[in-house]
Amino acid sequence: MMALYIGPTDLSTEVGYRRTYRGQELEVGWVRSRVVFAAHLAGLLAIDSPTPHYKDLDETYLQARWSYQLGFDAKTCVSPRQLDAVNRAFSPTDEEIKWAEDVFAGRDEAESAGLSVWVKDGMMIDDAMIARATNIMQAVKKNKARAKPA
């Protein structure tokens, strides 16, 4: 097995919740979170279901960004027109990249001062934050490698 996938419409039919199919879909937030945790604890990818409103690319982007923020590794699409919105949503933003760069700059400064924990913009930065910054920069490198013409 390589991944866990959620089918929230199938599940809603089984358990009786009503999907909105728009926005963050709070009615399926708990279940989506459980899929992410279970997949990652098992060393699997977590894949989210597609946005059914395939012509609404703003909605596709917002739902995909929510999936990214929840920790999903990917989101399926029902139409090729959704690919760009989903890829953008699963890519680090300029703000995230700047934050990661600042964390690494602060780490170098903190290490020079003999510190393993420091504060950046009122936020404590420690090994877990460095790991997050590392993940962001790895995603940037992966996206650049994918974007290079063959």
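Asp121 sits in the loop that joins strand 4 (118-120) to strand 5 (123-125). I start there for a reason of backbone geometry. Asp121 is not a glycine, and yet its phi is positive, at about 50 degrees. Keep in mind that what we are looking at is a predicted model.

Is Asp121 buried or exposed? Asp121 counts as exposed because its relative accessible area is 71%, and the cut-off for exposed is over 50%.

Now a second residue with a positive phi. Glu25 is not a glycine either, and its phi is also about 50 degrees. Where is Glu25 placed? Glu25 belongs to the loop between helix 1 (8-15) and helix 2. With a relative accessible area of 2%, Glu25 falls under the 20% cut-off and is therefore buried. So we have a positive phi in Asp121, which is exposed, and a positive phi in Glu25, which is buried.

Glu25 takes us to the next topic, the cavity. Rolling a probe the size of a water molecule over the atoms shows where empty space is left. How many cavities of 30 Å³ or more does a search of the whole structure find? The search finds one. The volume of this largest cavity is about 30 Å³.

Which residues line the largest cavity? Glu25 is one of them, together with its neighbours in the list, Gly23 and Gln24. The others are Arg32, Asp48, Gln63, Trp66, Ser67 and Lys75. Sorted by class, that lining has four charged residues, four polar ones and one nonpolar one. Helix 3 (residues 57-70) gives the largest share of the lining, with three residues.

Two of the lining residues, Asp48 and Lys75, lead us to the sheet. Strands of a sheet pair through backbone hydrogen bonds, either parallel or antiparallel. Here, three strands form an open sheet in the order 1-2-3, and the pairing is parallel. Strand 1 (3-5) and strand 3 (74-75) are the edge strands, each pairing on one side only. Between strand 2 (residues 45-48) and strand 3, the parallel pairing runs over two bridges. What does Asp48 stand opposite in strand 3? The residue there is Lys75. Both residues of that facing pair also appear in the cavity lining.

Last, the helix over this sheet. Helix 2 (residues 29-41) lies across strand 1 and strand 2. Relative to strand 2, helix 2 runs at about 155 degrees.

That is the end of my part.

Methods
Residues numbered from 1 in each chain as written. Predicted model: local features only at pLDDT ≥ 70, side-chain atom pairs only at ≥ 80, totals over all residues. Heavy atoms only, no water. 1 Å grid on protein atoms, 1.4 Å probe; cavity = no way out; pocket = protein on both sides within 12 Å on 5 of 7 lines; lining within 4 Å. Points joined across faces, edges and corners; volume = space filled by probe spheres on them. Helix = DSSP H or I, 4+ residues; strand = E, 2+ residues; numbered from the N terminus. Nonpolar A, V, L, I, M, F, W, Y, C, P; charged D, E, K, R; others polar. Pairing = 2+ DSSP bridges. Contact = heavy atoms within 4.5 Å. Axes fitted to C-alpha atoms, helices over the stretch in contact; angles between N-to-C directions. Buried < 20%, exposed > 50% of the residue type's maximum accessible area, 1.4 Å probe, protein only.
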